[in-house]
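Trainee: I am new to this structure. Can we go through it in short questions and answers?
Mentor: Yes. Have a look first, then ask.

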Amino acid sequence: MLDTLSTSSVLEVLRPVQDPELRKSLVELNMIRNVKIDNGKVSFTLVLTTPACPLREFIVEDCQKAVKQLPGVTEVAVDVTAETPQQKGLPDRTGIAGVKNILAISSGKGGVGKSTVAVNVAVALAQSGAKVGLLDADIYGPNAPTMLGLEQAQVAVRQGEKGDVLDPVFNHGVKLVSMGFLIDKDQPVIWRGPMLNGIIRQFLYQVQWGELDYLIVDMPPGTGDAQLTLTQAVPMAGAVIVTTPQNVALLDSRKGLRMFQQMQVPVLGIVENMSYFIPPDAPDKHYDIFGSGGGEKTAKELGVPLLGCIPLEISLRQGGDRGIPIVVAEPESASAKALMAVAMAIAGKVSVAALT
Ligand SMILES: Nc1ncnc2c1ncn2[C@@H]1O[C@H](COP(=O)(O)OP(=O)(O)OP(=O)(O)O)[C@@H](O)[C@H]1O
């Protein structure tokens, strides 16, 4: 079989090549398509499970190596595309039409950088080619509009076929709807909680998200009613918990973890923010202000993966304030690279959860 060059011999040599995260054969996962042979030139499409695949180059290389084993092959051309799988459903929760994966970014307490992570992960996924929405559900501090440069924007309510619909606003490749657009910012926080249910329903059924690979939900901090309402209403593909190295925040993360588990939302991992300090005048220096290895230790204790550690960097805050996320403003900075790696790790975990 292997000594003749044919579509089936190409698939045969590719069969042992696995997706490193899914640990399954690319051929069996239907990730190899359109195999064509033109004299010695073999071409095919590699359909990844996310455009943000961190292992893209390795997989392509493995495929090329495998096909080159066949006699008569002079060239291997791999066309890479992606089809994000749809999250597994829960019988009691109805998803949002067209939205494949809803992801919660949460934190045990406020101010740990949850929104910063949510916004930059959303933009990084969009940069990779994914269709991304961001639902800023943080009723206490809806600051995603500022961070995406959309502070002055208003969601437009218009008459749709089945009643009023809301169109998200758009910047840096991300569609955004924020609680900040719908709540009165001068209203006391205690009145905002009860409004949440109604607003969530609007987000679910009235926002015209269109087709999305990922809808990132910037959750309110903590584990109160607002979080329960959200996790009950929206079927989540997974949750990411943002924490800082200090112990108090870590304790709170444990509560968050338990809440998601009780709500049958898989916890994809934790992100340690403000892990170490990089001074602006010495970007190659690295100060472990809170000691090192805290994130790793906590991840181990909690039994979930550590998705990444983000340094404390002034330009990261400045990017947020200016409405130009660091992954756009300074993609080469340490914090941008760390955030991009977190985005890719999340995308990888979502694919694994959907396909295994
Ligand atoms: N790694 C970092 N380096 C520098 N500044 C950061 C970093 N992470 C977050 N910040 C800054 O800290 C502040 C709080 O961050 P952010 O708003 O993302 O936190 P949050 O957890 O979402 O807070 P809240 O609960 O109030 O919504 C912001 O000014 C942000 O720019």
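Trainee: Is Ser 43 buried, partly exposed or exposed?
Mentor: Keep in mind that this is a predicted model. Ser 43 belongs to strand β4, residues 41-48. Count the other C-beta atoms within 10 Å of its own: there are 16. Buried needs 20 or more, and exposed needs 12 or fewer. The count falls in between, so Ser 43 is partly exposed.

Trainee: Which residues does Ser 43 touch, leaving out those up to four places away in sequence?
Mentor: Thr 7 gives a sense of distance: it is 36 residues from Ser 43 along the chain, and their C-alpha atoms are 10.0 Å apart. With residues up to four places away set aside, the contacts of Ser 43 are Lys 36, Ala 77 and Asp 79.

Trainee: Which strands stand at the edges of the open sheet of eight strands?
Mentor: Read the order: β10-β11-β7-β12-β6-β13-β14-β15, with mixed pairing. The strands at the two edges each have a single partner, so one side of each is left without a neighbour in the sheet. Those edge strands are β10 (169-171) and β15.

Trainee: What does the twist average from one strand to the next?
Mentor: The value refers to the open sheet of eight strands. From one strand to the next, the twist averages 25°.

Trainee: Which residue in β15 stands opposite Ile 270?
Mentor: β14 and β15 run parallel, and five bridges join them. Opposite Ile 270, in β15, stands Leu 306.

Trainee: Which strands does helix α9 touch?
Mentor: Helix α9 covers residues 294-302 and packs on the sheet. Its direction makes about 160° with that of β14. The strands it touches are β13 (238-243), β14 and β15.

Trainee: Within what arc do the buried residues of α9 fall?
Mentor: The buried residues are Gly 294, Gly 295, Thr 298, Ala 299 and Leu 302. They line one face of the helix, because, seen down its axis, they fall within an arc of 130°.

Trainee: Which residues are exposed on the other side of α9?
Mentor: Do not count Gly 303, which comes just after α9 and takes a positive phi of about 75°. On the other side of the helix, the exposed residues are Lys 300 and Glu 301.

Trainee: Which residues come nearest to the ligand?
Mentor: The shell holds six nonpolar, eleven polar and four charged residues. α3 (114-127), β14 (267-277), β15 (306-312) and α10 (314-322) each supply at least two of the shell residues. Of the 21 residues around the ligand, those that come nearest are Gly 110, Gly 113, Ser 115, Thr 116 and Gly 141.

Technical notes: Residues are numbered from 1 along each chain as its sequence is written. This is a predicted model: local features need pLDDT of at least 70, side-chain atom pairs count only at pLDDT 80 or more; totals for chains, interfaces and linings use all residues. A residue is near a molecule or strand if its C-beta atom, placed from the backbone, lies within 6 Å of it. Helices (H or I, at least four residues) and strands (E, at least two) are DSSP runs, numbered from the N terminus. Ala, Val, Leu, Ile, Met, Phe, Trp, Tyr, Cys and Pro count as nonpolar, Asp, Glu, Lys and Arg as charged, and the others, Gly among them, as polar. Two strands pair if DSSP finds at least two bridges between them. Axes are lines fitted to C-alpha atoms, for helices over the stretch in contact, and angles run from 0 to 180 degrees between N-to-C directions. Two residues are in contact if their C-beta atoms, placed from the backbone, lie within 7 Å. The arc is that of the directions from the helix axis to the C-beta atoms.
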